[in-house]
Amino acid sequence: MGSQWDSDEEVQRFREYLKIPSVHPNVDYSDCVKFLKNQAKLLDLPCAVYELVETKPIVVITWEGLQPELPSILLNSHMDVVPVYEEHWKYPPFEAHIAPDGWIYGRGTQDMKNVGITHLEAVRRLKQAGARLKRTVHVCFVPDEEIGGVDGMKKFVESDEFRKLNIGFELDESMASEDPKTFYAFNAERTARQMKIICKGTPGHGALLSSTGAGDKISFIISKLMELKQRELHKYKNGAPLGEVTTINLTKLEGGVQVNVLPEELIASFDIRISPKEDHQALEDMILGWCREAGDNVTLEYYIRNPEEKVTDIQNSPFWNALYKTVLDMGLDIKCSTCAGTTDARYIRRQGIPAVGFSPMINTPILIHGHDERIHVNEFKRGILVMEKVVHAIANV
């Protein structure tokens, strides 16, 4: 049985993209590339595919501006999506089902195939209206964001291919907003530091009384980091946004051989996300100080020690001002803050390029990575209209 949206080409192109199961692990991006090449052909725009890492393609569709020598605009999204627990979904997650009430169900409807299609459809509407933009616009689709982007955007920004694009400003992802009038935007991210603290002691019988064993040392370390967590939790409970507090989570414990044997080694692993408001070096020095206080043979090793993430200064950005004014002129609002998680925009900012995450979804439940991820047709269509006006504004700065 058909629906009232069967003849809506924008909705049907979105559904076509959603049906491609570019899901981890072991993503095959070939169908995404085929789909995007076809979209470029329909838009009569050149399409480049860069495979800097085998089987990890980066697709860039380019609309040249009237003044191509000016720094260009990058509209970025990722092609990959996270795994699903299909038994918990109301409709199959790669069917792109439209319910009778207008909700489109599917993995990627929010994170972030919706945004990639919104970029393309905004360009399509502008071209069909005969608009000509001052700056060149690159619509970019990258792999592997959901697993850190190391073989995707990170590799891309370090390449000559990226440098030739001459990017002056990037739009990336944010998140849905349940508010009917206010979008979310991100101009910064917390810095990920994932570490393990290794505590060594002298093995012995479990009946002995020791104050310098591996267990005593690891207990000291855990208590210090949990005290810090409570201080940050207090900030959060008192109204600080999650992106502006430092989170500390004990995620893994290892060691020991038998319950009646004092262990030679115990290891505690922590996932720490540092707020841009925090002094990163001071925090690291404090943790290293605790390791020394805990006793001899206590060492810290990093799984991940990202550099301190850069913040895009929106106060002095003509691109942000154009984006913000466009949204306000539509009778809507936009709230900019620090992203609690991570996006590919961090790799752009590390190159000294201003970047803002902006996913034009309001009046929508936040279901990123969740069961029954969905967006309503009306909000999807509104998002295209908003993005059309935003692209026109920022590309004419």
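**Exercise 1. In this predicted model, find which element gives the largest share of the lining of the largest cavity, and describe that cavity.**

Step 1. Helix H7 supplies the largest share of the lining of the largest cavity, namely 4 residues.

Step 2. The volume of this cavity is about 40 Å³, and the structure holds 1 cavity of 30 Å³ or more. The elements that each give two or more residues to its lining are E8, strand E12 (265-274) and helix H7 (280-294).

Step 3. Taken residue by residue, the lining consists of Arg-193, Met-195, Ile-272, Ile-274, His-280, Leu-283, Glu-284, Ile-287 and Tyr-302, which divide by class into 6 nonpolar, 1 polar and 2 charged.

**Exercise 2. Describe the largest pocket by its volume, its central residues and the class of its lining.**

Step 1. The largest pocket encloses about 650 Å³ of space. Its lining comprises 27 residues, of which Glu-145, Arg-273, Gly-341, Thr-342 and Thr-343 are the closest to the centre.

Step 2. Two or more lining residues come from each of helix H4 (150-157), strand E8 (191-200) and helix H9 (345-350), and H9 gives the most, with 3 residues.

Step 3. Sorted by class, the lining has 11 nonpolar, 8 polar and 8 charged residues.

**Exercise 3. Determine which strands supply at least two residues of the lining of the second largest pocket, and how that lining divides by class.**

Step 1. About 250 Å³ of space lies in this pocket, and its lining includes Met-175, Tyr-184, Phe-186, Tyr-236 and Pro-241, together with Lys-335, Ser-337, Thr-338 and Cys-339.

Step 2. The strands that each supply at least two of the lining residues are E7 (182-189) and E14 (333-339), with E14 providing the largest share, 4 residues.

Step 3. The lining of the second largest pocket divides into 8 nonpolar residues, 3 polar residues and 1 charged residue.

**Exercise 4. Decide whether Lys-381 counts as buried, partly exposed or exposed, and place this residue among its contacts.**

Step 1. Lys-381 belongs to helix H10, which covers residues 377-394.

Step 2. The relative accessibility of Lys-381 is 24%; because buried means under 20% and exposed means over 50%, Lys-381 counts as partly exposed.

Step 3. When residues up to four places away in sequence are not counted, Lys-381 touches Asp-8, Glu-10, Val-11 and Arg-125.

Step 4. Although Lys-381 and Glu-121 are 260 residues apart along the chain, their C-alpha atoms are separated by 9.6 Å.

Notes: Residues are numbered from 1 along each chain as its sequence is written. This is a predicted model: local features need pLDDT of at least 70, side-chain atom pairs count only at pLDDT 80 or more; totals for chains, interfaces and linings use all residues. Side-chain values use heavy atoms; hydrogens and water are left out. On a 1 Å grid over the protein atoms alone, a cavity is a set of points where a 1.4 Å probe fits but cannot get out, and a pocket is an open set with protein on both sides within 12 Å along at least five of seven lines; lining residues have an atom within 4 Å of a point. Grid points are joined across faces, edges and corners, and a volume is the space filled by probe spheres set on the points. Ala, Val, Leu, Ile, Met, Phe, Trp, Tyr, Cys and Pro count as nonpolar, Asp, Glu, Lys and Arg as charged, and the others, Gly among them, as polar. Buried means under 20% relative accessible area, exposed over 50%, partly exposed in between (1.4 Å probe, protein chains only). Contact means heavy atoms within 4.5 Å.
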